[in-house]
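Notebook open, model loaded. I want to go through strand pairing, then the domains, then the contacts between the chains.

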Amino acid sequence: MGRSWGTLAEFDAFVADGGIVEPIDDMPDEYRQAVFRFIELHANSELMGGLTERDWIPRAPGLRRKMAVLAKTQDEIGHAHLLYMVAADLGMKTRTEMLEDLFAGRGRFHNVFHYQAVTWADQVAIAYLVDAGALISQQAVFKQCSYGPYRRILRRIIAEEGFHMRHGEEMLLTFAEGTTTQRRMFAEALDRWWWPTLHMFGPPSKPDDVLARWRIKSERNEDLRDKFVQKYATLLDSYGFTPPDPELRRDPDTGRWVTGEIDWEPLKATLSNLGPDSARRVADAATHWADSRWVREALESVAAGVAA
Amino acid sequence: MTTGMIPTASDVVDVLLGVDDPEYPSVSIVDLGLVEAVRAGEDGHVEVDLIPTFLGCPALEFIATDVRRALQHAGFLQPVVRFVDRPVWTTSRITAAGRRQLASEFTVAVRVGRSAPPCPHCGTIALAETSLFGSMRCRSINECQACGERVEIVR
């Protein structure tokens, strides 16, 4: 039997006290909606990320990298698959409705998948920076998250993302210790991916944020972004790479990195699916969905035959 | 390893117990059944034979590197670590401790032979397969008919 709470205040107290909410519980509608939207965004992002990764399977340099890209694609699509199920279990939208919204351009997915990966060095920058940033966010959510099924799946996702990060570090080393051309390629990719990675943590938090109120995501966006900047500005500096921020500097008193003013307009554009590569990405995903229709129909007809 | 003593195979296994699988951090490669043979010579030379869970596994080189590093750190200066392709890995090689950790930490169940494993979340034997593949090719996605949990099974 699920639990129920007489008033919203009682539910607030339960969550504030460290309580974990399960799908059978009679949770408040506002909570259900907030959790659902958060997981749907994550699921969409895993799917769009997996499709992007997939594009690089034939182009990966060498067998080892190809195996890594294949495994990463399987991971991302598998994560999306699990997350869509957990989201659908909340009863707001079916899995098919979520997918159809996404392919019709009505769904949301993370800003970093609204840009084009131009060369293999972009894939290196994505694996080294974007994957690391995503991991920082996911670890923060996992530590505190009040929704049980999501938290348990995040444990597995984080373990697998950690493995992607090792690939990213290895790829970065190849480029950092590589030829002049390789170093130039990575420097150019860094120019393209630095700001989108900082945007990925989200705009500055608002005090009345429902995600924080119900411990869906407790840490503030700016704190997570800062954690990333402190670590990666140092690492990039040690490899002799400079992010495209002329004001980025180390405070002589605190020793901490301070970034220049962040322009939020590019993030806003991606939120309405109006980023530089949004239209192509959405259309591409919709084509995959249409092209694989015969597989779904074949599976459905087999299932119907078994049932008959 | 105690300085001055001749290392034994069990000294080597002790070190390997501290090497985790890259995709299941906190579960050791020993508990996952990846360690097939360990040899320690009187001259301090050690060799470790590992078997991959499947041949296309992209983590093999990371695992070999981690094993080499751990052994060197423990004082075995030039360990030889290699992957062998016999015997073939199966889930029956995962130890009871490994299965417990996969269940409690990762909500992942392990199928050994034909018998259905219990749901790692509620303990009931009621997992129904909803998808042949999860985020790894060696895992299926299942729904627990008792508690509703979405569980992956290693097979």
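I started at B:Ala109, which sits opposite B:Ile153 of strand E9 in chain B. This is a predicted model, so I keep that in mind for everything below. The strands involved are E6(B) and E9(B), residues 150-154; they run parallel and are joined by three bridges.

Next I pulled up the whole sheet. It is open, has four strands in the order E6-E9-E8-E7 (chain B), and its pairing is mixed. Which strands stand at the edges? I get E6 (108-110) and E7 (127-131) of chain B; each has a single partner strand, so one side of each has no neighbour in the sheet. I also checked the twist: ignoring direction, neighbouring strands here are turned by 45 degrees against each other on average.

Then I looked for what packs on this sheet, and found a helix from the other chain. Helix H3 of chain A (residues 63-88) touches E7, E8 (139-144) and E9 of chain B. Its direction makes about 150 degrees with that of E9(B).

That sent me to the contacts between the chains. I count 23 residues of chain A in contact with 22 residues of chain B. Which elements give two or more residues to the chain A side? They are H3 and helix H6 (148-176) of chain A. H3(A) gives the most, with eleven residues. Sorted by class, the chain A side has eleven nonpolar, five polar and seven charged residues.

Separate entry, on the hairpin in chain B. Strands E3 (residues 35-40) and E4 (residues 46-50) of chain B pair antiparallel over five bridges. One opposing pair I noted is B:Ala40 and B:Val46, the latter in E4(B). Five residues lie between the two strands of this hairpin, and B:Gly44 in the turn has a positive phi of about 90 degrees.

Last entry, on the domains. Chain B is split into domain 1 (9-83) and domain 2 (96-154). How far apart are their C-alpha centres? I read 27 Å between domain 1 and domain 2 of chain B. Seven residues of domain 1 of chain B are in contact with seven residues of domain 2 of chain B. On the domain 1 side of that contact in chain B, I have four nonpolar, two polar and one charged residues.

Definitions and conventions:
Residues are numbered from 1 along each chain as its sequence is written. Chains are lettered from A and ligands numbered from 1 in the order in which they are written. This is a predicted model: local features need pLDDT of at least 70, side-chain atom pairs count only at pLDDT 80 or more; totals for chains, interfaces and linings use all residues. Two strands pair if DSSP finds at least two bridges between them. Axes are lines fitted to C-alpha atoms, for helices over the stretch in contact, and angles run from 0 to 180 degrees between N-to-C directions. Two residues are in contact if their C-beta atoms, placed from the backbone, lie within 7 Å. Domain bounds come from an automatic or database domain assignment. Ala, Val, Leu, Ile, Met, Phe, Trp, Tyr, Cys and Pro count as nonpolar, Asp, Glu, Lys and Arg as charged, and the others, Gly among them, as polar.
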